[in-house]
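Thanks for asking me to look this one over. Here are my notes for someone meeting the structure for the first time, set out point by point.

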Amino acid sequence: MITLSNPPLPSRFVSASNKSYDELAHRIIEGRSTDYDKVRAIYAWVCKNIAYDTTYSIYHADECYEKRKGVCQAYCELFHYIAKAVGIHSVIIKGRSKDKDGVISDTGHAWLVAAVGNDKAILMDPTWGSGSVINGEFSHKKSIWAWFDADPKFMIFTHFPDVAEYQFLEKSLSYNEFKALPTAHDSWINYRLDIERLFLLARRNLLYTPNFFAGNADLQMQILDMPLKRLVVGHSYTFKIRLLAKGFGIEIINGIAHTRFSEWTDEGEGIYSINYIPRHAQEVRFCCNDPHNTNNLNVLFSYDIALSSSDQATTNGQEQRIWSPDEWANAGITPERRKALIESKAIVSLPTFYTGMGALMEIVEIPMDSTLRVGQCYTFKFRPRCNKEWGILENKIRLHKEWTRDTDGTLSIAITPTMAGPLYLSFSEDGRAYRACIGYTIER
């Protein structure tokens, strides 16, 4: 909630009405005792019963009520007169809005602040709560509450009032600061994200949010933890959710890799978590399964995945990715060991692995962090599964081939990097051209 000026601010930008809204207003608030609950009921009625006027011709409350449609000004005026009929004060705020693509409107926008007693008030936008226009057609939203009792720090991402005091922030933002903010999404509220954290990150130009999909935010789910930055191949990220409805689960799809909901950790009380490592440098989608149709997955949100290293000079067109769980197990790294490494925070990010390499070796011991240090000694030990020539290529210049072979065929080598740059555990078919198998970055 916010503090409303005392005495109440004047009712601005409201055209005259020739209709009495007393009967409608008392019918809407029947059974509600507090001003907050009354405002909530009026907001819900307006959102559910009024459609957006795609002809942009209905601006006033009376015509809006009669025809059950109007533009933002009409939504706000209708709310104002219904609220006024039961003694609730509201103010229409004029300003500019920013759409989901970050485009700021040239025509202006209107929303509201309404008093709820004890010098407190709430921000709301019944137009945006009601629904949206896509390709000239208006459709109502299933969930209307993202834009009711809105946090001013959420509102300012998309609503810039002409009068600075209507930002209701400790320190008002300039128009240029408003333009620099990313656009907000209903899902921030529907999934109960930490708006204070989002606002602070955005003000520091550090906020990256996933792509939320409209229409799929009605899942009864709370996001307790998620990365608010772009994901990188090979890095570990924590996701934690609370499911508020039974029968749902979250599947993660990244290229051909599919992480089932059964792989999430059940922490009790409906809370599930996972330490997730992207395997492909392409979009990863978080989907909910439909309890009524097990073959149907609805996309909730997605991230664009970046490569863990920009250097691809020695890959010869090979695809960089992290192995699937089956490939890890095939290479001798059990799921338990991999999970323990991630959870212990002993590594910052895993090394880069290349497609098809899991069948070439059984790993006994290798450095499990992607970053190695000049001057430190590292051991590589594995059992080859095919007859190839192996080497470690340091900085594209020096090839280490001083392998020790045990009686069971295990190859081992200890190397101390002497220069910064890339390092690859590589193999060769002919002893001349080497292909990367596992990649690292050497730093000083």
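Are Phe-286 and Tyr-303 buried or exposed? Phe-286 is buried, and Tyr-303 is buried too. Please keep in mind as you read that this is a predicted model.

1. Let us stay with those two rings. Phe-286 and Tyr-303 make an edge-to-face aromatic pair, with 6.2 Å from centre to centre and 70° between the planes. The pair joins distant parts of the chain: Phe-286 belongs to strand 19 and Tyr-303 to strand 20 (residues 293-303), 17 residues apart.

2. Phe-286 has another partner to show you. With Phe-239 it forms a tilted aromatic pair, where the centres are 4.5 Å apart and the planes meet at 40°. Here too distant parts of the chain are linked, since Phe-239 sits in strand 14 (residues 237-243) and Phe-286 in strand 19 (residues 284-290), 47 residues apart. Phe-239 and Phe-286 are both buried.

3. Now step back to the wider group. Ring pairs connect Tyr-191, Phe-212, Phe-239, Tyr-276, Phe-286, Phe-301 and Tyr-303 into a cluster. Across the structure, the count of aromatic pairs is 31.

4. Two rings also have a charged partner. Arg-40 places its charged end over the ring of Trp-145, at 3.8 Å from the ring centre. Lys-98, in turn, lies over the face of Phe-178, 4.3 Å from the centre of that ring.

5. How many disulfides are there? The count is zero. Cys-76 is a good example to look at: the nearest cysteine sulfur belongs to Cys-72 and is 6.4 Å away, so Cys-76 does not meet the 2.5 Å cut-off for a disulfide. Two cysteines also make a helpful contrast in accessibility. Cys-76 counts as buried because its relative accessibility is 0%, whereas Cys-377 counts as exposed because its value is 52%.

6. Next, have a look inside. The structure has one cavity of 30 Å³ or more, and the volume of the largest cavity is about 50 Å³. Its lining is made up of Trp-111, Leu-123, Pro-152, Met-155, Ile-156, His-159, Pro-161, Tyr-166 and Gln-167. Helix 6 (152-155) and strand 10 (159-161) are the elements that give two or more residues to this lining. Sorted by class, the lining of the largest cavity holds seven nonpolar residues, two polar ones and no charged ones.

7. Ser-426 is worth finding on the model as well. You will see Ser-426 in strand 31 (residues 421-428). Ser-426 counts as buried because its relative accessible area is 2%. Its C-alpha atom is 5.1 Å from that of Cys-437, although the two residues are eleven apart along the chain.

8. Finally, a word on the backbone. Most residues other than glycine have a negative phi. Tyr-56, which is not a glycine, has a positive phi near 55°, and Tyr-56 is found in the loop between strand 2 (51-52) and helix 3 (61-67). Asn-135 likewise has a positive phi, of about 55°, without being a glycine. Where should you look for Asn-135? Asn-135 is in the loop between strand 7 (131-134) and strand 8 (137-140). Asn-135 counts as exposed because its relative accessible area is 78%.

Note on methods: Residues numbered from 1 in each chain as written. Predicted model: local features only at pLDDT ≥ 70, side-chain atom pairs only at ≥ 80, totals over all residues. Heavy atoms only, no water. Buried < 20%, exposed > 50% of the residue type's maximum accessible area, 1.4 Å probe, protein only. Phe/Tyr/Trp six-rings, centres within 6.5 Å; stacked < 30°, edge-to-face > 60°. Helix = DSSP H or I, 4+ residues; strand = E, 2+ residues; numbered from the N terminus. Lys NZ or Arg CZ within 6 Å of the ring centre and 35° of its normal. 1 Å grid on protein atoms, 1.4 Å probe; cavity = no way out; pocket = protein on both sides within 12 Å on 5 of 7 lines; lining within 4 Å. Points joined across faces, edges and corners; volume = space filled by probe spheres on them. Nonpolar A, V, L, I, M, F, W, Y, C, P; charged D, E, K, R; others polar.
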